[in-house]
Amino acid sequence: MSQQTPTASDAAGQEPSGRPGRYPRTFGGLIASMIVMVAVVLAFVFARSLVTDEPDIRTPDAVEYLPAIAQVQTGDYDAVYPSSLPTDWRVTGFTFAPGDRPSYGLNLFTDDGRFVGIRQADRDVEDMLAEFVDPEPREGEALAEPVLGATWTSWSDAGGDRAYSATLAELGASGDQTVVVFGDVSLDRLAELVTLLTIDPVPDPERPATGGGSTSGPAAD
């Protein structure tokens with residue numbers, strides 16, 4: 001039997017065996033495909049952000065602030081601090097800057113993760129309010145009862161920040177001191193913290209505390 005040899009015209013009309021058929025590719029088509037893929041990925045990420053339960057910012061861990069207060073008290077500095085904390089609040093930071101005009105502060109978080117700060121310094125109240133609240137805060141009502149022998153005036157701004165401030169004259173060895181308690185919480189919650197403020201010596205942890213409320217730090221989670 002004779003075997004017929006394919007001609008050049010026959011070979012040109014057939015695709016090589018094992019290879020897919022060719023189709024036209026353009027640069028514009030590739031770009032369009034990439035845009036569609038990116039859009040799908042972005043849509044997926046956005047959808048996850050709507051349903052995820054993970055918080056965007058993690059609340060810092062609690063720190064033991066009473067030993068730090070006790071330490072600065074040994075240097076004749078009268079730090080204004082909370083003898084106890086509202087339920088489930090925590091102190092997350094302590095700062096103290098010694099010198100001719102020392103200053104001190106506490107960072108706190110509420111039970112629902114909102115920030116509250118306490119700042120004490122030998123400065124004008126206007127300067128401290130401008131730094132920690134607003135350059136032109138609105139003055140509100142003062143607390144009905146004095147705390148540490150001083151009147152505490154309330155402040156607020158358009159962004160939702162609120163504060164109480166007081167100037168404590170001749171605060172022991174520290175001299176005149178301005179204290180600002182501020183945060184993005186209600187004035188009632190700030191007032192609760194203000195009423196817990198004291199300058200009493202931190203009790204020795206080896207001796208049981210007498211009278212008053214609890215002097216322990218925030219409970220660890």
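**Figure 1. Surroundings of tryptophan 152 in the predicted model.** Setting aside neighbours within four places in sequence, tryptophan 152 contacts Ala142, Leu143, Val147, Tyr164, Ser165, Ala166, Val179, Val181, Val194 and Leu197. The structure shown here and in the following views is a predicted model. Trp152 is, together with Leu108 and Val181, among the residues with the most contacts inside the largest nonpolar core, which has 33 residues. At least two residues of this core are supplied by each of helix 3 (66–73), strand 3, strand 4, strand 7, strand 8 and helix 5 (187–194). Helix 5 provides the largest share, 4 residues. Another core, of 9 residues, lies apart from this one and includes Ala121, Val133, Ala163 and Phe182.

**Figure 2. The open antiparallel sheet.** The sheet is formed by 7 strands in the order 2-3-4-8-7-6-5, and their pairing is antiparallel. Strand 2 (90–97) and strand 5 (138–142) are the edge strands; each has a single partner strand, so one side of each is left without a neighbour in the sheet. On average, neighbouring strands of the sheet are turned by 20 degrees against each other, direction ignored. At one edge, strand 2 is joined to strand 3 (residues 103–109) by 7 bridges, and the two run antiparallel. Within this pair, threonine 95 is placed opposite glycine 105 of strand 3.

**Figure 3. Strand 6 and its partners.** Strand 5 and strand 6 run antiparallel and are joined by 3 bridges. Here glutamate 139 stands opposite tryptophan 155 of strand 6. Strand 6 also pairs with strand 7, again in the antiparallel sense, over 4 bridges. Serine 156 has arginine 162 in strand 7 as its bridge partner. These two strands, 6 and 7, form a hairpin with 5 residues between them, and glycine 160 in the turn has a positive phi of about 100 degrees. In a regular strand, side chains alternate between the two faces of the sheet. In strand 6, Thr153 and Trp155 point one way, Ser154 and Ser156 point the other way, and all are buried.

**Figure 4. Helix 4 against the sheet.** Helix 4 (residues 125–132) lies across strand 4 (115–121), strand 6 (153–156), strand 7 (162–168) and strand 8 (177–183), and it runs at about 25 degrees to strand 8. Val125, Met128 and Leu129 of this helix are buried. Viewed down the axis of helix 4, its buried residues fall within an arc of 100 degrees and therefore line one face of the helix. The cover over these buried residues includes strand 4, strand 6, strand 7 and strand 8.

**Figure 5. Aromatic pairs and an aromatic cluster.** Across the whole structure, 6 aromatic pairs are found. One of them joins phenylalanine 109 and phenylalanine 115 in an edge-to-face arrangement, with 5.9 Å centre to centre and 75 degrees between the planes. Phenylalanine 109 has a relative accessible area of 15% and is buried, whereas phenylalanine 115, at 28% relative accessibility, counts as partly exposed. The reason for these assignments lies in the cut-offs, because buried means under 20% relative accessible area and exposed means over 50%, with partly exposed in between. Tyr77, Phe94, Phe96 and Tyr104 form one aromatic cluster.

Key: Residues are numbered from 1 along each chain as its sequence is written. This is a predicted model: local features need pLDDT of at least 70, side-chain atom pairs count only at pLDDT 80 or more; totals for chains, interfaces and linings use all residues. Side-chain values use heavy atoms; hydrogens and water are left out. Two strands pair if DSSP finds at least two bridges between them. Axes are lines fitted to C-alpha atoms, for helices over the stretch in contact, and angles run from 0 to 180 degrees between N-to-C directions. Contact means heavy atoms within 4.5 Å. Rings of Phe, Tyr and Trp (its six-membered ring) pair if their centres lie within 6.5 Å; planes under 30 degrees apart count as stacked, over 60 as edge-to-face and the rest as tilted. Buried means under 20% relative accessible area, exposed over 50%, partly exposed in between (1.4 Å probe, protein chains only). A nonpolar core is a set of buried Ala, Val, Leu, Ile, Met, Phe, Trp, Tyr and Cys residues joined through side-chain atoms within 4.5 Å. The arc is that of the directions from the helix axis to the C-beta atoms.
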